[in-house]
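User: Can you walk me through the pockets in this protein? I'm new to this, so plain words please.

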Amino acid sequence: MKITFLGGGNMATALIGGMLERGFAAADLQVVELGEAARGALAQRFGVRAVESFDDAALACDVLVLAVKPQQMKAALAPIAGRLCGQLVISIAAGLRLADLGRWLGAPGAPHARLVRCMPNTPALIGAGVTGLYADPSVDAAGRETAGRILAAVGSTVWADAEAQMDAVTAISGSGPAYVFHFIEALESAGRSLGFDEAGARRLAIDTVLGAAKLAANSADAPAVLRQKVTSKGGTTEAALASLAAAGWHDELVAAVQAAEARGRELGAELGKD
């Protein structure tokens, strides 16, 4: 199976590295990347073919992975519009809708159909991401399996039942690392206010979040049950959670994610304009 990446940025680099670790052959991977330095780095690091623009070999692929910035996608696809021959196309560009990608990739009146839209998050850069995926109905089971196997190279995967859910994926997991970093910032600030130096407060905050996440990932209990197990009646955790509840922390976080989802829908409409 021949796979061409359009774009050789950080996410494409992470995907290529993860794929090679999982048995994909370097000879089957190639990258189309404008930047000379990036092309050289990819070829040297991974042994993949890296070219400046689409040639016959780059187009003669089974899978095309779109890994350029959303704002640059329309221009990046213009040279190959109408030139694909039924390849599976996987987009990891945030916000871009399949209908717009299909229109830009296809010939006039004949949009490209075999499309999968993905939203990995930044922990994918260290192989610890989670990716939401949605496939156009024209993508068969084999195509879905291929897309899932490629994105699994950088973490876990979750399939959406409808494309509209991809805005929710963006709001929850795509933006989610920023919410967690913000929580770590607050926990670190609390540690410093209680007498720890910066290094100690940061280590307590980061390792607490990391350990709790690992426990949640490896436990059969729901997060609510795990929370209850830590919360002794009349104890310190109960006091802290009561303060958070009084501040409306839970509802505020839900509202924040909903705001991100709404903005995602707006951006999708803006990015898809011709």
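**Pockets in the model**

Analyst: Sure. Keep in mind that this is a predicted model. Domain 1 (3-159) and domain 2 (170-266) each contribute residues to the lining of the largest pocket, so that pocket lies between them.

User: How much space lies in the largest pocket?

Analyst: About 2300 Å³.

User: And how many residues line it, and which lie nearest its centre?

Analyst: The lining of the largest pocket has 45 residues. Nearest the centre are Val180, Phe183, Val209, Ala212 and Trp249.

User: Which elements give two or more residues to that lining?

Analyst: There is one strand, S7 (129-135), and the helices are H7 (165-174), H8 (176-193), H9 (198-218), H10 (223-230), H11 (236-246) and H12 (249-271).

User: Which one gives the most?

Analyst: H8, with 11 residues in the lining of the largest pocket.

User: How do the lining residues divide into nonpolar, polar and charged?

Analyst: For the largest pocket, 31 are nonpolar, 12 are polar and 2 are charged.

User: OK, switching to the second largest pocket. How much space is there?

Analyst: The second largest pocket holds about 420 Å³ of space. Its lining is made of 18 residues, and Leu6, Val32, Leu34, Val68 and Ala76 lie nearest the centre.

User: What gives the most to that lining?

Analyst: Helix H4 (residues 70-77), which supplies 3 residues to the second largest pocket.

User: And the nonpolar, polar and charged split there?

Analyst: The lining of the second largest pocket has 10 nonpolar, 5 polar and 3 charged residues.

Technical notes:
Residues are numbered from 1 along each chain as its sequence is written. This is a predicted model: local features need pLDDT of at least 70, side-chain atom pairs count only at pLDDT 80 or more; totals for chains, interfaces and linings use all residues. Side-chain values use heavy atoms; hydrogens and water are left out. On a 1 Å grid over the protein atoms alone, a cavity is a set of points where a 1.4 Å probe fits but cannot get out, and a pocket is an open set with protein on both sides within 12 Å along at least five of seven lines; lining residues have an atom within 4 Å of a point. Grid points are joined across faces, edges and corners, and a volume is the space filled by probe spheres set on the points. Helices (H or I, at least four residues) and strands (E, at least two) are DSSP runs, numbered from the N terminus. Ala, Val, Leu, Ile, Met, Phe, Trp, Tyr, Cys and Pro count as nonpolar, Asp, Glu, Lys and Arg as charged, and the others, Gly among them, as polar. Domain bounds come from an automatic or database domain assignment.
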